[in-house]
Amino acid sequence: MDIIESTGGRAAAPVGRFLTGRKVLVTGAASGIGRACARAFAEAGAHVYVVDLAGDAAKAVAEEIGGTAHVVDLSDPEAVDTLPDDADVVVNNAGLQYVAPIHDFPVERFALIQRVMVEAPFRIVRRTLPHMYERGWGRIVNISSVHGLRASAFKSAYVTAKHALEGFSKVAALEGAPHGVTSNCVNPGYVRTPLVEDQIAGQAAAHGIPADEVVERIMLDRTAIKRLIEPAEVAQAALFLCGPHAGFITGASIPLDGGWTAR
Ligand code: NAD
């Protein structure tokens, strides 16, 4: 049974190290949002499987938080099937972006993005659900995007993959519910990570304008709150979904988008 602590009217705070004894698999955990999740889940007491293609960076994160590095290319289905199958929490986070109009979009790049951002989450959840079902508890957190809820031109592979992840998350929610397993998405707008820093640099060069103007004029055009969100803020939302007050939240998609989807 979940423990709901009395907070005396104050905002509910997660109970310290509430993931002690749990194993958490985070993909793309060597950088950006994934690294912030790895740190946050470790602080909550979990042992973290730090999964990433970037070996040195993954090992550095694992060493920092006392986790285990798994250096795997998630675009390789056979390699994905070597990952641990005993995670209590899966955070499907690894992702990549490619920007081009559909008529010029490289076919292999489109397929790669689906393999990393759709097929790998499916394979990882498929492998870990039996363990979660056996224990009667599990949490799946899918790092989707505002682009899981809205489209942008020139991002066909990414928007397709994120919409697919949204659908998969809901099916996992329905199947997992009788077994104590929840599945949810979080949907950030632009987050201050290398994935976005690269886009800022690229757009600045393409448009011949300074980087801060790219952020203000292009990236924050659709958000009401005019700043990028930080990786640690996304990690705290992911952690909340695995916490003692979130057991009834499943099949949901939680926008962290500064009001983008309010329009
Ligand atoms: P990032 O580039 O900082 O980190 C992504 C990590 O995924 C990297 O460490 C990379 O090595 C790893 N990765 C990529 N391809 C891989 C593969 N084939 N196998 C194993 N690892 C692989 O990116 P980020 O901004 O932290 O993005 C993380 C997630 O958050 C992505 O799913 C992204 O779509 C999503 N997201 C990001 C933003 C944003 O603005 N940065 C917004 C919404 C959603």
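Biologist: Which ligand atom sits 3.2 Å from a polar backbone atom of Leu 53?

Modeller: A nitrogen atom of the ligand. Keep in mind that this is a predicted model.

Biologist: Noted. What does Asp 73 offer the ligand?

Modeller: A polar side-chain atom of Asp 73 lies 3.0 Å from a ligand nitrogen.

Biologist: And how does Ile 33 meet the ligand?

Modeller: Through its backbone. An N or O atom of the Ile 33 backbone is 2.8 Å from an oxygen atom of the ligand.

Biologist: How many residues surround the ligand, and which are the closest?

Modeller: There are 28 around the ligand. The closest are Asp 52, Asn 93, Tyr 158, Val 191 and Thr 193.

Biologist: Let's switch to the fold. What is the strand order in the sheet?

Modeller: β3-β2-β1-β4-β5-β6-β7. The sheet is open, has seven strands and pairs them in parallel.

Biologist: Which strands stand at the edges?

Modeller: β3 and β7, with β7 covering residues 253-256. Each has a single partner strand, so one side of each has no neighbour in the sheet.

Biologist: How much are neighbouring strands turned against each other?

Modeller: By 15° on average, with direction ignored.

Biologist: Take β5 and β6. How many bridges join them?

Modeller: Six, in the parallel sense. β5 runs over residues 138-143 and β6 over residues 181-188. For one position, Val 141 has Asn 184 in β6 as its bridge partner.

Biologist: Staying in β5, is Arg 139 buried or exposed?

Modeller: Buried. Arg 139 counts as buried because its relative accessibility is 3%, under the 20% limit for that class. And yes, Arg 139 lies in β5.

Biologist: What does the Arg 139 side chain reach?

Modeller: The backbone oxygen of Gly 180, at 3.2 Å.

Biologist: Which residues does Arg 139 contact, leaving aside neighbours within four places in sequence?

Modeller: The list includes Asp 88, Val 89, Val 90, Met 132, Leu 241 and Cys 242. Gly 180 is also among them. Val 89 is 50 residues from Arg 139 in sequence, yet their C-alpha atoms are 4.7 Å apart in space.

Biologist: Over to β6. What about Ser 183, buried or exposed?

Modeller: Ser 183 is in strand β6. It is buried, with a relative accessible area of 0%.

Biologist: Which backbone oxygen lies 3.0 Å from a polar side-chain atom of Ser 183?

Modeller: That of Ser 169. Ser 169 is also one of the contacts of Ser 183 beyond four places in sequence. Others include Ile 140, Asn 142, Ala 172, Ala 173 and Thr 250.

Biologist: Which helix lies across β5, β6 and β7?

Modeller: α8, residues 231-240. It runs at about 160° to β6. Pro 231, Val 234, Ala 235, Ala 237, Ala 238 and Leu 239 are buried in α8. These pack against α1, β5, β6 and β7.

Biologist: Now α2. Which residues are buried there?

Modeller: In α2, residues 55-65, they are Gly 55, Ala 58, Val 61, Ala 62 and Ile 65. They span an arc of only 130° around the axis, so they lie on the same side of α2.

Biologist: What covers them?

Modeller: The cover includes α1 (32-43), β2 (47-52) and β3 (68-71).

Biologist: Which exposed residues does the face turned away from the buried side carry?

Modeller: Asp 56 and Glu 63. Just after α2 comes Gly 66, with a positive phi of about 70°.

Biologist: Which residue has a positive phi although it is not a glycine?

Modeller: Phe 154, at about 75°. Phe 154 is in the loop between β5 and α5 (156-176). At 48% relative accessibility, Phe 154 is partly exposed.

Biologist: Last one. Where is Thr 27?

Modeller: In strand β1, residues 23-27. Thr 27 is buried, at 2% relative accessibility. A polar atom of its side chain lies 2.9 Å from the backbone nitrogen of Ala 94.

Biologist: What else does Thr 27 touch, not counting residues up to four places away in sequence?

Modeller: Besides Ala 94, its contacts include Gly 34, Val 51, Leu 74, Val 91, Asn 92, Asn 93 and Ile 124. You met Asn 93 earlier, among the residues closest to the ligand.

How values were computed:
Residues are numbered from 1 along each chain as its sequence is written. This is a predicted model: local features need pLDDT of at least 70, side-chain atom pairs count only at pLDDT 80 or more; totals for chains, interfaces and linings use all residues. Side-chain values use heavy atoms; hydrogens and water are left out. Buried means under 20% relative accessible area, exposed over 50%, partly exposed in between (1.4 Å probe, protein chains only). Helices (H or I, at least four residues) and strands (E, at least two) are DSSP runs, numbered from the N terminus. The arc is that of the directions from the helix axis to the C-beta atoms. Contact means heavy atoms within 4.5 Å. Two strands pair if DSSP finds at least two bridges between them. Axes are lines fitted to C-alpha atoms, for helices over the stretch in contact, and angles run from 0 to 180 degrees between N-to-C directions. A residue is near a molecule or strand if one of its heavy atoms lies within 4 Å of it. A polar contact is a pair of N or O atoms within 3.5 Å; within protein, one must be able to donate a hydrogen and the other to accept it, and residues adjacent in sequence count only if both atoms are side-chain atoms.
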